[in-house]
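Subject: The structure we talked about, with notes

Hi,

Here is the structure I promised you. Please have it open while you read, and my notes follow below.

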Amino acid sequence: MRYESTRTTGKMGATETIITGIAQDGGLFLPESIPFFSKDDLTALGGVGYAERAALVLSRYMSEFSYEELLDYATRAYASGAFTAEEVAPVRPLYGKAHLLELYHGPTCAFKDFALQILPYLLTASLKKQKEESTVVILVATSGDTGKAALEGFQDVPGTRICVFYPEGAISPMQELQMTSQQGQNVMVYAIRGNFDDAQTAVKQIFADEAFQADMRASGMRFSSANSINWGRLVPQIAYYYSAYCDLVNQGRIAMGDICNVVVPTGNFGNILAAYLAKLGGLPIGRLICASNSNNVLSDFIGTGTYDRNRKFYVTTSPSMDILISSNLERLLYLLSGRDHAKLNVLMQSLREQGSYIIDDVMRAQLQDSFWGGCADDAETAATIRRVFEDTNALIDPHTAVAVKVYEDYVKETGDDAPTIIASTASPYKFADTVLRAITGKQDIASNDSFSLIRELERTTNSEAPTALSGLADKQARFSEVVNPDDMRAAIRRWLKEEGEYEIHHHAGRRDGR
Ligand SMILES: *Cc1c(COP(=O)(O)O)cnc(C)c1O
């Protein structure tokens with residue numbers, strides 16, 4: 001299987017794709033064709049455990065790795081030490097025909113662990129296969145959850161260093177402490193004065209800065225990305241949609257071949273794109289329901305065919321979705337256009353220059369055939385957290401609540417009540433302040449003492465916080481520097497230089513083989 005950029009012709013293998021991250025032309029990589037899983041293939045997936053399912057899906061996308069190699073990575077990435085749920089990605093009934101796909105049982109309590117626990121294995125193995133000896137410097141822009149998941153995945157992985165930028169004051173206190181307390185010799189964390197889009201745009205500019213790249217090469221280093229623009233971030237997420245469908249069949253809730261809808265709380269469009277690839281690859285998915293918060297640029301786009309980021313940016317209670325430039329949408333546009341590079345270049349140029357673009361009627365019809373978009377503001381999100389808890393005793397985080405609300409709107413508006421998988425993307429304990437306010441109705445709950453909030457949420461709901469979060473109580477913050485987006489290059493240079501003496505063999509890998 002070979003990979004191509006959305007913007008120019010030319011192909012490369014999976015290993016080079018993973019090392020490179022973003023294409024040199026600024027485009028994103030996609031496989032030249034989408035592997036198809038027949039009903040028999042799906043039945044086979046249903047008969048094995050999560051690591052095998054992941055390895056089977058990955059091996060169809062990345063033939064440069066053997067099934068045995070991928071099974072080895074998946075077994076270690078999804079081991080019980082890292083993921084606290086036995087099923088890894090459990091599917092549980094919510095009410096009626098709605099089910100929650102719980103994607104938050106990994107070490108950082110959000111779905112990004114699915115990709116970022118296995119990406120270090122894929123990346124280090126890719127470097128070996130490519131005989132690439134430089135140290136990989138991973139730059140990450142985060143809206144809250146990616147940063148921690150990437151730090152946790154790459155901590156002390158030989159041959160790699162990782163630097164994370166998060167928007168100051170725009171993530172939850174728990175998310176911030178998770179990152180600033182990160183251990184490891186090869187890690188760095190900066191807050192930036194700006195929002196996620198500023199951070200992401202600056203990181204993309206650094207990747208495109210040829211002079212900086214040349215300097216890096218001269219010192220035996222090269223940049224890569226752990227954001228969902230990297231194909232290695234996306235492909236492991238395809239696996240859990242296959243897995244969820246198989247689980248529903250195994251639980252007797254659907255028959256093999258029945259159509260299911262999927263609802264995804266969406267920011268950078270990575271997670272829902274993974275579901276779309278699963279649909280193209282034979283998984284019987286009907287509609288993909290894209291749920292946004294007040295930053296509803298995506299639901300507007302799906303409704304109208306016009307993408308327009310020129311609008312007010314809101315800081316919401318679902319911060320991982322506070323995004324106005326959804327990078328992975330470029331991959332969807334490429335597929336909808338029939339892989340038309342010229343068309344993509346026109347759209348992306350318009351996005352760069354005007355902050356907007358309009359797709360043609362053919363593309364819009366195709367888009368609306370597979371997708372439906374809706375949004376929920378903070379008040380609706382809070383009301384949904386409370387109602388779901390009162391009605392079903394399920395405690396959901398604000399991102400999941402956005403998805404549940406939009407699901408309900410979808411059913412009301414379309415009458416389509418097919419069995420549905422709702423991606424539950426984070427632990428409610430990661431957003432204890434918001435969840436507690438929603439459930440108790442008390443608005444005067446302060447956000448600053450995360451750990452007394454966790455204890456109060458445990459008492460109020462008679463549930464237990466993940467130890468990955470409660471255990472942070474005795475951790476100290478190691479990182480506190482704040483930089484302007486314009487100074488990110490300088491900050492990276494400073495960090496790389498300060499630790500210029502860093503030698504990978506001085507730090508034995510935290511886990512063997514990484
Ligand atoms: C990252 C994130 C999202 C958005 O996912 P995308 O792949 O960026 O669309 C939603 N919910 C949570 C909890 C997240 O961490």
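Before the notes begin, one cut-off: a residue counts as buried when its relative accessible area is under 20%, as exposed when that area is over 50%, and as partly exposed in between. Please also keep in mind that this is a predicted model.

**Salt bridges**

The count comes to 25 salt bridges, and I picked out a few for you.

Let me start with R489, which pairs with D209, their closest N and O atoms being 2.7 Å apart. This pair links distant parts of the chain: R489 is in helix α22 (residues 488–498), while D209 is in the loop between α9 (196–207) and α10 (210–218), 280 residues apart. How accessible are the two partners? R489 has a relative accessibility of 29%, so R489 counts as partly exposed. D209 comes out at 17% and therefore counts as buried.

There is also a network: E4, K11, E32 and R339 are joined into one by salt bridges that share partners.

Another pair to look at is K97 with D417, whose side chains meet in a salt bridge at 3.8 Å, N to O. K97 lies in the loop between β4 (91–95) and β5 (98–102) and D417 in the loop between α18 (398–414) and β15 (420–424), so this salt bridge ties together parts that are 320 residues apart in sequence. K97 is partly exposed at 42% relative accessibility, and D417 is partly exposed with a relative accessible area of 42%.

The side chains of R92 and E87 form a salt bridge as well, at 3.9 Å from N to O. R92 is partly exposed at 35%, and E87 is partly exposed at 39%.

**Cysteines**

How many disulfides does the model have? The count is zero. As a reminder, a disulfide is a covalent bond between the sulfur atoms of two cysteines. To be counted here, the two sulfur atoms would have to lie within 2.5 Å. For C260, the closest cysteine sulfur is in C246, 11 Å away, so the distance is too far for a bond. For C290, the closest cysteine sulfur is that of C375, at 10 Å, which is also too far for a bond. Both of these residues are out of reach of solvent by the cut-off above: C260 is buried at 1% relative accessibility, and C290 is buried at 0%.

**The ligand**

Which residues are the closest to the ligand? They are K112, D145, G267, N268 and N271, out of 15 residues that surround the ligand. Some of the polar contacts are easy to find on screen:

- The side chain of K112 has an N or O atom 2.5 Å from an oxygen atom of the ligand.
- A polar backbone atom of N271 is 2.9 Å from an oxygen atom of the ligand.
- T425 places a polar side-chain atom 2.9 Å from a nitrogen atom of the ligand.

The ligand exposes 390 Å² when taken alone, and the protein buries 98% of that.

**S350**

Next, a serine in helix α15 (residues 341–354): S350. Its relative accessible area is 17%, so S350 counts as buried. What does the side chain of S350 reach? The partner is the backbone oxygen of S356, at 2.4 Å. Leaving aside residues up to four places away in sequence, S350 touches G355, S356 and Y357.

**Two positive phi angles**

Most residues other than glycine have a negative phi. K131 has a positive phi of about 50° although it is not a glycine. K131 lies in the loop between α6 (119–129) and β6 (135–141), and at 72% relative accessibility K131 counts as exposed.

D156 also has a positive phi, near 55°, in a residue other than glycine. You will find D156 in the loop between α7 (145–154) and β7 (160–167). Is D156 buried or exposed? D156 is buried, with a relative accessible area of 14%.

Happy browsing, and write back whenever you like.

Best wishes

Conventions. Residues are numbered from 1 along each chain as its sequence is written. This is a predicted model: local features need pLDDT of at least 70, side-chain atom pairs count only at pLDDT 80 or more; totals for chains, interfaces and linings use all residues. Side-chain values use heavy atoms; hydrogens and water are left out. Buried means under 20% relative accessible area, exposed over 50%, partly exposed in between (1.4 Å probe, protein chains only). A salt bridge is a side-chain nitrogen of Lys or Arg within 4 Å of a carboxyl oxygen of Asp or Glu. Helices (H or I, at least four residues) and strands (E, at least two) are DSSP runs, numbered from the N terminus. A residue is near a molecule or strand if one of its heavy atoms lies within 4 Å of it. A polar contact is a pair of N or O atoms within 3.5 Å; within protein, one must be able to donate a hydrogen and the other to accept it, and residues adjacent in sequence count only if both atoms are side-chain atoms. Accessible areas come from the Shrake-Rupley method with a 1.4 Å probe; for residues, only the protein chains shown count as cover. Contact means heavy atoms within 4.5 Å.
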